[in-house]
Amino acid sequence: MGFFDRLQAYQPQVLGLLRIMTGLLFLQFGCAKILGILPWPSGQPAFLSLIWFAGMMELIGGALITVGFGTRLVAFLCSGEMAIGYFMSHFPRGFVPLTNGGNLAILFCFVFLYLAVAGGGAFSLDSARAKSSAM
């Protein structure tokens, strides 16, 4: 058995770590926009503005992704938010993500899309709930 074959056994744990780190990174944007905990370059958005709704998605979605609750649905919604954010904010500044500042939006979009398909992996409330209902 090769090295990478042995690593396959840790796939659920690594998926769980990817989910947790992605959720925490996403959560920081919501904390900055909505809670003002971290500095946001343009300040806190106006209540009920498009940026405010994005911040709420990042705050709530980031927290739910981090703990792995409703992972597939939440990740799908967050993937959509990032796709919309990319095409509204970054794409008008140019086609190439490196020059339009959209790298992170695209990366979040596709990692969330992967989580929507793969699920939360290990260390998630979803998997704990599934184990308890199977008993």
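A search of the whole predicted structure finds two salt bridges, a salt bridge being a side-chain nitrogen of Lys or Arg within 4 Å of a carboxyl oxygen of Asp or Glu. In one of them the side chains of Lys33 and Glu58 meet, with an N to O distance of 2.9 Å. This pair links distant parts of the chain, since Lys33 belongs to helix α2 and Glu58 to helix α3 (residues 50–67), 25 residues apart. Lys33 is buried, with a relative accessible area of 7%, and Glu58 likewise counts as buried at 3% relative accessibility; here buried means under 20% relative accessible area, exposed means over 50%, and partly exposed lies in between (1.4 Å probe, protein chains only). The other salt bridge joins Asp126 with Arg129, whose closest N and O atoms are 4.0 Å apart. Both residues lie in helix α7 (residues 125–134), three residues apart, or about one turn of the helix, and Arg129 counts as partly exposed at 47% relative accessibility.

The model is predicted, and for this reason local features need pLDDT of at least 70 and side-chain atom pairs count only at pLDDT 80 or more, whereas totals for chains, interfaces and linings use all residues. Residues are numbered from 1 along each chain as its sequence is written, and side-chain values use heavy atoms, with hydrogens and water left out.

The protein contains seven helices and zero strands, where helices (H or I, at least four residues) and strands (E, at least two) are DSSP runs numbered from the N terminus. The C-alpha atoms fill a box of roughly 50 × 35 × 20 Å along the principal axes. Of the 135 residues, 34% are buried. The accessible surface comes to about 8,300 Å², of which 76% belongs to carbon and sulfur atoms, the areas being obtained by the Shrake-Rupley method with a 1.4 Å probe and, for residues, with only the protein chains shown counting as cover. Among contacts between residues at least 6 apart in sequence, 66% join residues at least 24 apart, a contact being defined by heavy atoms within 4.5 Å.

In soluble globular proteins, nonpolar side chains tend to be buried together. In the present model the largest nonpolar core has 15 residues, and Phe26, Ile65, Ala75, Met82, Phe112 and Leu115 touch the most other members; such a core is a set of buried Ala, Val, Leu, Ile, Met, Phe, Trp, Tyr and Cys residues joined through side-chain atoms within 4.5 Å. Helices α2 (11–35), α4 and α6 (103–118) each supply at least two residues of this core, and the largest share, seven residues, comes from α6. Beyond residues up to four places away in sequence, Phe26 touches Met57, Glu58, Gly62, Cys78, Glu81, Met82, Phe108 and Phe112. A second, separate core of five residues includes Leu27, Cys31, Ile34 and Trp52. Ser79, placed in helix α4 (residues 71–90), counts as buried at 6% relative accessibility; leaving aside neighbours within four places in sequence, Ser79 is in contact with Cys109, Phe112 and Leu113.

The structure holds zero disulfides, a disulfide being a pair of cysteine sulfur atoms within 2.5 Å. The sulfur of Cys31 is 14 Å from the closest cysteine sulfur, that of Cys78, which is too far for a bond. Cys78 is also in no disulfide, the nearest cysteine sulfur being that of Cys109 at 11 Å. Both Cys31, with a relative accessible area of 14%, and Cys78, at 1% relative accessibility, count as buried.

At the surface, Phe3, Phe4, Leu7, Tyr10 and Val14 make a nonpolar patch of about 580 Å². Patches are made of residues with over 30% relative accessible area and no salt bridge, like charges being joined within 9 Å and nonpolar side chains (Val, Leu, Ile, Met, Phe, Trp, Tyr) within 5 Å. Helix α1 (residues 3–7) gives the most to this patch, with three residues. Leu7, which is placed in helix α1, counts as partly exposed at 38% relative accessibility.

Most residues other than glycine have a negative phi. Leu48, in the loop between α2 and α3, nevertheless has a positive phi near 70° and is partly exposed at 48% relative accessibility. Phe123, in the loop between α6 and α7, has a positive phi near 65° and is exposed, with a relative accessible area of 51%.
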